[in-house]
Amino acid sequence: MELKGKVALITGAAAGIGLAYSEELLKQGAKVSLCDIDSEIGEQVSDDLGAKYGRKNVLFCQCDVTDYPQYEEAFEMTMKVFNRLDIVINNAGVMNDRFWELEVDVNLNGVIRGTLLAYRFMGKDRGGQGGTIVNTASTAFARPQVSTPIYTATNYAVVGLTRAYGVSYLYQSLESKIVTTHSHRSVHFLL
Ligand SMILES: NC(=O)C1=CN([C@@H]2O[C@H](COP(=O)(O)OP(=O)(O)OC[C@H]3O[C@@H](n4cnc5c(N)ncnc54)[C@H](O)[C@@H]3O)[C@@H](O)[C@H]2O)C=CC1
Ligand SMILES: CCCCC/C=C\C=C\C(=O)C/C=C\C/C=C\CCCC(=O)O
């Protein structure tokens, strides 16, 4: 996929895998909207990436994926600043089964919110140009992580959600495909 000039919105972008996605996209000429609940690290990372890849190519949106209106604002801000949206990467996640309700709300409900918003802002049936949704899940979906059964369950669910959306779009003859790649013990599904 040609990434030059494309705009990507990435959640959990202030650290780890989300930060790696962001830097790679910038390297390949895309513009990125970094979304994260942590505004202190997020602003810092955004400044650093802006200095390296061009300030006009990087935006930080403070956003909690458990809060639909906040998440929606991040999409609106991205559209306002970059005037387009091509790629949504639902990556934010937590792993702590002691706080299982939060874990489900971030890892599963957050991906559902992000997927619905992505269809709303990019869907051809909504007047958009189409686009790509990438959902990150742990390979715990294939080999259960017995130490964290609820974290494991959220990853099973994300895989089911992503496969079902991918197939329903295929049935509707819209442009879509599912590709799985394995990297750092995570699975990235491309819709
Ligand atoms: N690190 C690993 O070995 C693996 C990670 N994964 C998955 O990859 C994804 C990213 O994981 P990592 O980069 O390792 O995590 P990380 O802990 O390094 O980074 C997660 C980022 O998400 C942000 N975040 C947390 N809650 C949020 C919320 N409610 N709204 C917005 N942002 C929020 C954090 O502030 C942080 O910047 C997760 O979905 C995780 O399940 C999958 C397999 C392995
Ligand atoms: C948001 C997550 C932040 C921290 C992530 C750190 C580690 C994540 C690991 C995984 O997602 C797990 C990946 C594969 C594990 C599969 C099986 C492990 C089996 C061992 C066990 O039961 O513990």
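**Exercise 1. Decide whether T162 is buried or exposed in this predicted model, and find which backbone oxygen its side chain reaches.**

Solution. Start with the accessibility: T162 has a relative accessibility of 0%, and since buried means under 20%, T162 counts as buried. Next, place the residue in the fold, where T162 is found in helix α5, which covers residues 149–171. Finally, look at the side chain of T162, which reaches the backbone oxygen of V158 at a distance of 2.6 Å. Keep in mind throughout these exercises that the model is predicted.

**Exercise 2. Decide whether N83 is buried or exposed, and describe what its phi angle shows.**

Solution. First locate the residue: N83 sits in the loop between α3 (68–82) and β4. Its relative accessibility is 66%, and because exposed means over 50%, N83 counts as exposed. Then turn to the backbone, where the phi of N83 is near 65°, a positive value in a residue other than glycine. As a background to this step, most residues other than glycine have a negative phi.

**Exercise 3. Work out how many residues of strand β1 are buried, and which of them lie on each side.**

Solution. Begin with the count: five of the five residues of β1 are buried, so this strand is largely enclosed by the rest of the structure. To sort the residues by side, recall that in a regular strand the side chains alternate between the two faces of the sheet. In β1, V7, L9 and T11 lie on one side, while A8 and I10 lie on the other. As these residues are all buried, both faces of β1 are covered.

**Exercise 4. Trace which strands pair with β1 and β2, and give the handedness of the crossovers.**

Solution. Take the pair β1 and β2 to begin with: strand β1 (residues 7–11) runs parallel to β2, and five bridges join them. Within this pair, V7 stands opposite K31, and I10 stands opposite L34. Strand β2 itself spans residues 31–36, and five of its six residues are buried.

Now follow the chain between these strands, where β1, helix α1 (residues 16–27) and β2 make a β-α-β unit that is right-handed. From β2 the chain goes on through helix α2 (residues 39–53) to β3, in a β-α-β crossover that is also right-handed.

The next step is to examine the pairing of β2 with strand β3 (residues 58–62), which is parallel and extends over five bridges. Here V32 stands opposite V58 in β3.

Return at last to β1, which also pairs in the parallel sense with strand β4 (residues 87–90), over three bridges. The bridge partner of I10 in β4 is I89, and I10 also stands opposite L34 in β2.

**Exercise 5. Describe which residues come closest to ligand 1, and how much of its accessible area the protein covers.**

Solution. Start with the surroundings: ligand 1 has 22 residues around it, and the closest are I17, D36, D64, N91 and Y151. By type, the residues of this shell divide into ten nonpolar, eight polar and four charged.

Then go through the polar contacts one at a time. A polar backbone atom of I17 is 2.8 Å from an oxygen atom of ligand 1, while a polar side-chain atom of D36 lies 2.7 Å from an oxygen atom of the ligand. A polar backbone atom of V65, in turn, is 3.0 Å from a nitrogen atom of ligand 1.

The last step concerns area: on its own, ligand 1 has 840 Å² of accessible area, of which the protein covers 74%. The elements that give two or more residues to the shell are α1 and β5 (132–138).

**Exercise 6. Describe the shell of ligand 2 in the same steps, and state how much of its accessible area is covered.**

Solution. Of the 13 residues around ligand 2, those that come nearest are S138, Q145, V146, S147 and Y151. The shell is made up of six nonpolar, five polar and two charged residues.

For the contacts, a polar backbone atom of V146 is 2.7 Å from an oxygen atom of ligand 2. Two side chains also take part, since a polar side-chain atom of S147 lies 3.1 Å from an oxygen atom of the ligand, and a polar side-chain atom of Y151 lies 2.7 Å from an oxygen atom of ligand 2. To finish, ligand 2 has 630 Å² of accessible area on its own, and the protein covers 65% of this.

Note on methods:
Residues numbered from 1 in each chain as written. Chains lettered and ligands numbered in written order. Predicted model: local features only at pLDDT ≥ 70, side-chain atom pairs only at ≥ 80, totals over all residues. Heavy atoms only, no water. Buried < 20%, exposed > 50% of the residue type's maximum accessible area, 1.4 Å probe, protein only. Helix = DSSP H or I, 4+ residues; strand = E, 2+ residues; numbered from the N terminus. Pairing = 2+ DSSP bridges. Right-handed = clockwise from strand over helix to strand, strands pointing away. Near = heavy atom within 4 Å. Polar contact = N/O pair within 3.5 Å; in protein donor to acceptor, adjacent residues only side chain to side chain. Areas by Shrake-Rupley, 256 points an atom, 1.4 Å probe, with all protein chains shown as cover. Nonpolar A, V, L, I, M, F, W, Y, C, P; charged D, E, K, R; others polar.
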